[in-house]
Amino acid sequence: MTIAAPRPRGVIHHWAEILPLTPQTPRISLGEGDTPLVRSSHIEALCGLDELWFKLELCNPTGSFKDRGMVVAVAKALEDGAKAIMCASTGNTSASAAAYAAHTGIECFVLVPGGKVAAGKLAQAIAFGAQIIEVDGNFDDALNAARALTEKHPVALVNSVNPNRIAGQKTAAFEICEALGDAPDILAIPVGNAGNITAYWKGFGECSERGLASLHPRMCGFQAAGAAPIVLGKPVESPQTVATAIRIGNPASWKSAIAARDESNGLIEAVTDDEILEAYRLLASKEGIFVEPASAASVAGLIKLAREGRATGGRAAAILTGNGLKDPDTATTQYEPKVTKAAGTVEGVERALGW
Ligand code: AN7
């Protein structure tokens, strides 16, 4: 056996050909992208699918899909001479922005809805040294402020309204087509600010143009019932859901999400917090995959379609967008710990287990 020289990793190195790069764009990387596509062992049958694949976007360096787009957005900001970046965030965007800012030595300002960001995500922004602004309002208020502030001050906006974010995130669609040899029949994805569903639809379109896919997936997006503006057809003033990542009442990429849905003959529907938490528990207990609640919305949606007799069979990919470790508070309330106390001896442990 020979050991090959290490190859450069990361979205910019791997996907340069399909990204808006110039020779001046810095080739930065934290090793994002190239995430596993894993076959379901249990939920596939429950969903009435021939094949269900999980795209483990939670394996990205900061634990969510945001890194794929953030690396491109930060590289382009650096190319333009930026010394600081800013985002509004329900948590994952801020963790990712803060990491790439630390990596490249620029300042990072994150606007988060006060008291509504999962503990792990806040810990990341703190660790990476971002300036955190807790806004008395929700994500939508924070995004409005971030848009206005970055117009006014020399700071680059790195939310998904920045097209470089979408360009980076579309690379996941290419990875899925490469791994499966074609596009899947169905793409199940959580929808918050609607940047990711937009990016995947763009990616799948480019895959078919390049002959990497012979079909378009049906884009099936799922919002939390308490934060489902696209489903309701109007903004939600006070969005509420256990899935704090997608607690968004007025998505910035609303129009392109609807285009993805309609052009693909897909759907965007709501799943309740109970349905999200059921999928969250099933993913951990039956598949061995620990996601954060928002990510479970994609799987909750597929289960719901099957229960309503709307399963279509075929091959589906569900995007698991964020790591369960980010939200330890939900984990401790949703899983039944099997814990027993024992003396620190063989006999003590046997006694405790009744062996
Ligand atoms: C785990 O971090 O909006 O529909 O500010 O963290 O592209 O917004 C996060 C969104 C799904 C929804 N899953 O994606 C933010 C933020 C997870 C997320 C979404 C988010 P979009």
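This passage describes two sheets, a bound ligand and two single residues in a predicted model.

The first sheet is open and has 6 strands. Their order is β1-β2-β10-β7-β8-β9. The pairing in this sheet is mixed. Two strands stand at the edges: β1, residues 37-39, and β9, residues 267-271. Each of these has a single partner strand, so one side of each is left without a neighbour in the sheet. On average, neighbouring strands of this sheet are turned by 25 degrees against each other, with direction ignored.

One end of the strand order can be followed in detail. Strand β8 covers residues 218-224 and is joined to β9 by 5 bridges. The two strands run parallel. Across this pairing, Q223 stands opposite A270 of β9. A helix also packs on the sheet: α8, formed by residues 171-180. Helix α8 touches β1, β2, β7 and β10. In sequence, β2 spans 51-56, β7 spans 186-190 and β10 spans 315-320. The direction of α8 makes about 135 degrees with that of β2.

The second sheet is open too, and it has 4 strands. Here the order is β5-β4-β3-β6, and the pairing is parallel. The edge strands are β5 (131-135) and β6 (156-157). Both have a single partner strand, so one side of each lacks a neighbour in the sheet. Strand β3, residues 84-88, runs parallel to strand β4, residues 107-113. These strands are joined by 5 bridges. Within the pair, C87 stands opposite V110 in β4. Helix α6, made of residues 139-152, packs on this sheet. Its contacts are with β3, β4, β5 and β6. The direction of α6 makes about 150 degrees with that of β3.

The ligand is surrounded by 23 residues. The closest are N92, T93, N193, A194 and T321. Backbone atoms take part in several polar contacts with ligand oxygen atoms. For T93, a polar backbone atom lies 2.8 Å from an oxygen atom of the ligand. For N193, the distance from a backbone N or O atom to a ligand oxygen is 2.7 Å. For G195, a polar backbone atom is 3.2 Å from an oxygen atom of the ligand. On its own, the ligand has 480 Å² of accessible area, and the protein covers 98% of it.

Residue Q169 is placed in helix α7, residues 163-169. Its relative accessibility is 1%, so Q169 counts as buried, the limit being under 20%. The side chain of Q169 makes a polar contact of 2.9 Å with the side chain of R165. Beyond four places in sequence, Q169 touches F65, R68, G69, G195, N196 and A199. One of these, G195, also has a polar backbone atom 3.2 Å from a ligand oxygen.

Residue L78 belongs to helix α3, residues 66-79. With a relative accessible area of 22%, L78 is partly exposed, because this class lies between 20% and 50%. Leaving aside residues up to four places away in sequence, L78 touches P26, I28, T104 and I106. The contact with T104 links positions 26 residues apart along the chain. The C-alpha atoms of L78 and T104 are separated by 8.6 Å.

How values were computed: Residues are numbered from 1 along each chain as its sequence is written. This is a predicted model: local features need pLDDT of at least 70, side-chain atom pairs count only at pLDDT 80 or more; totals for chains, interfaces and linings use all residues. Side-chain values use heavy atoms; hydrogens and water are left out. Two strands pair if DSSP finds at least two bridges between them. Axes are lines fitted to C-alpha atoms, for helices over the stretch in contact, and angles run from 0 to 180 degrees between N-to-C directions. Contact means heavy atoms within 4.5 Å. A residue is near a molecule or strand if one of its heavy atoms lies within 4 Å of it. A polar contact is a pair of N or O atoms within 3.5 Å; within protein, one must be able to donate a hydrogen and the other to accept it, and residues adjacent in sequence count only if both atoms are side-chain atoms. Accessible areas come from the Shrake-Rupley method with a 1.4 Å probe; for residues, only the protein chains shown count as cover. Buried means under 20% relative accessible area, exposed over 50%, partly exposed in between (1.4 Å probe, protein chains only).
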